[in-house]
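Here are my notes on the model, set out as numbered points for you to follow alongside the coordinates. Please read them with the structure open.

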Amino acid sequence: MITAEELNSHYAKTSTDAEYINTPLRQTAEPGYSLLSEMNVFYLLDRLHATAEGSDALPAWFLRILAPIIASILTHLINNSLSTSHVPNQWKIAVIHPIPKVPDPASPSDYRPISVVPILSRLVERVIVRTYIYPAFEIPPTAENLADQYGFRPTGSTTAAIIALLHHVTTLLQEHEFVIMVSMDFSKAFDTIRHHSLLEKLGSIDIPDHIFNWLSNYFHDRKHITKFQGEVSSIAFINASCVQGSGVGPGSYVVGSSDLHPKNSFNILVKYADDTYLLVGSSNIGTAAEEYDHVASWAKTNNLKLNPSKTREIIFSKRGFKGSSIPIVIQGAERVDTIRVLGITLSSDLRMTKHTEKVLTSSSTSLYALRVLRDHGMSTFALHDVAMATTVAHLMYASPAWWGYASETDRNKLQSMLNRMKRRGFLLSTTPSVVDMSQAADSGLFRAICGDSCHVLRGIFPPTQQIKYNLRPRIHNFNLPINDKCNYIPRILFKDTY
């Protein structure tokens, strides 16, 4: 029987760097800096949602109720922590709640560690991320270094990542007979990343010295305990990881991976957090193994490790090309005809039939759950909300990325599922069609892109043109690319209404 102590030791071993180097603090930091006002802290506490408590055992409801009383005291403590670059020791202890990865877990590696840091620590971390780290992402050269990263950024999303991936694939297919995509997996990336290299990259972005020192102190001398089946382990010390369940962890990992780029400029990397995809055109297929070794070398430098057993290859090609004759280019990789990328099933022919089949199968299963909710007395309006938030959201997930590649038959099948939900009373009869929902998603994303010059997708949009004449206003001022009804960018730019 697996114990909490065994799990805690296993996780601590994973997050231990044998080549740990202590990062020196900056001596130019200015103490006495105040970031938050008492009103800021009160609003943060008053708007707390129900969330898991950390090792300090302070629950969200307790902090929310006491907000008028403790806001002043906490304001002083938080500002003092930031100005002196000192993180309270209680905030450095994470609580791990293991979640099984397989139906019948038999070893500690079969449990995924879900870390929870104290709520107050999370609040301060989010303030730092929103005030300093996210704005620094938009300043050169950091902005250029993050151009291929679509995760854990203010405008990043899986939808944007898939749009960029398909855009690059089709662009390469204009010049190459086929494109090979290599899907790479880092083993426990968030739990093993090296602190020294991470802080070195954090130090290169535009953040104040006292905030850099605070982050350095935050990662130094971290600890965790594990709660499992009613048991609580002893404290274990770690010197690696970016603390996955924290507020600064995701953004820190993005910075940590910002220097990972293709060795050859004609190849392309698309990243969503630690999910990394390499695209190589047929004329440059000989460089694919070199690129893979380059990623493996980068991973070793950052105390990460590529997992060969989860490396996949897929060949995207033009119609009529037989990709089965191409030998595997990455030793140990598995060649596949379909691959799941961030929740979307992509096929080698870029059709969406396999994706819609999987989505419809899982949606049919969810209808049973909706029926159970109705039989147990859930109100009609609540049932409609649940259906929209679950089944319909799953049907239309990331639709701007794949809608153009779906055939009329695929779209009709999706609409048939929606009609079935209406007949069974799970949805209102006035619920928009899948076509209308797709168009609304397309337009909403386009408005977000047009309204933000730093949007993650602006880099692959065509440049804008300045009109010097007093002509009828255009819907947008982007240059028009080659018309393509499949890809999101040309599809939305040629559209006449938004």
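1. I begin with a pair of helices in what is, it should be said at once, a predicted model. Helix 9 (residues 195-202) packs with helix 10 (residues 209-219) at an angle of about 165 degrees, and the axes of the two helices are 11 Å apart. Angles over 145 degrees count as roughly antiparallel, and helix 9 and helix 10 are therefore roughly antiparallel to each other. The crossing in which helix 9 passes helix 10 is right-handed.

2. Which residues make this contact between helix 9 and helix 10? On the side of helix 9 they are His195, Leu198, Leu199 and Leu202, while helix 10 contributes Phe212, Leu215, Ser216 and Phe219. As background to the spacing within such lists, an α-helix has 3.6 residues a turn, so residues three or four places apart point the same way.

3. Helix 9 and helix 10 also appear among the partners of helix 11 (residues 249-256), whose buried residues pack against helix 8 (189-192), helix 9, helix 10 and helix 12 (288-301). Helix 11 is itself mostly covered, with eight of its eight residues buried; these are Gly249, Pro250, Gly251, Ser252, Tyr253, Val254, Val255 and Gly256. Tyr253 deserves a second look, since ring pairs link Tyr253 with Phe152, Phe190 and Tyr272 into a cluster.

4. Turning to the aromatic rings in general, the count comes to 14 aromatic pairs. In one of these, the ring centres of Tyr218 and Phe219 lie 5.4 Å apart with the planes at 85 degrees, so the pair is edge-to-face. Tyr218 counts as buried because its relative accessibility is 0%, and Phe219 likewise counts as buried, at 1% relative accessibility.

5. A further pair is formed by Phe446 and Phe478, whose ring centres are 6.3 Å apart and whose planes stand at 55 degrees, so the pair is tilted. This pair links distant parts of the chain, with Phe446 in helix 17 (residues 434-450) and Phe478 in the loop between helix 17 and helix 18 (488-493), 32 residues apart. Are Phe446 and Phe478 buried or exposed? Both of them are buried.

6. Two arginines should be examined together with tyrosine rings. Arg222 lies over the face of Tyr218, at 4.4 Å from the ring centre, so that Tyr218 should be viewed with Arg222 as well as with its ring partner Phe219. Elsewhere, the charged end of Arg47 sits over the ring of Tyr43, at 4.6 Å from the centre of that ring.

7. Pro113 is placed in strand 2 (residues 111-116) and is buried, with a relative accessible area of 14%. Once its neighbours within four places in sequence are left aside, the residues in contact with Pro113 are Tyr11, Ile96, His97 and Asp191. For orientation across the model, Pro113 and Ser348 are separated by 235 residues in sequence and by 34 Å in space, taken from C-alpha to C-alpha.

8. The last position I would check is Thr356, which is found in helix 13 (residues 353-375). Thr356 counts as buried, at 1% relative accessibility, given that buried means under 20% relative accessible area. Not counting residues up to four places away in sequence, Thr356 touches Asp410 and Leu414.

Terms used. Residues are numbered from 1 along each chain as its sequence is written. This is a predicted model: local features need pLDDT of at least 70, side-chain atom pairs count only at pLDDT 80 or more; totals for chains, interfaces and linings use all residues. Side-chain values use heavy atoms; hydrogens and water are left out. Rings of Phe, Tyr and Trp (its six-membered ring) pair if their centres lie within 6.5 Å; planes under 30 degrees apart count as stacked, over 60 as edge-to-face and the rest as tilted. Buried means under 20% relative accessible area, exposed over 50%, partly exposed in between (1.4 Å probe, protein chains only). Helices (H or I, at least four residues) and strands (E, at least two) are DSSP runs, numbered from the N terminus. A charge sits over a ring if NZ of Lys or CZ of Arg is within 6 Å of the ring centre and within 35 degrees of the ring normal. Axes are lines fitted to C-alpha atoms, for helices over the stretch in contact, and angles run from 0 to 180 degrees between N-to-C directions. Angles under 35 degrees count as roughly parallel, over 145 as roughly antiparallel, 65 to 115 as roughly perpendicular and the rest as oblique. A crossing is left-handed if the near helix is turned anticlockwise from the far one by less than a right angle, and right-handed if clockwise. Contact means heavy atoms within 4.5 Å.
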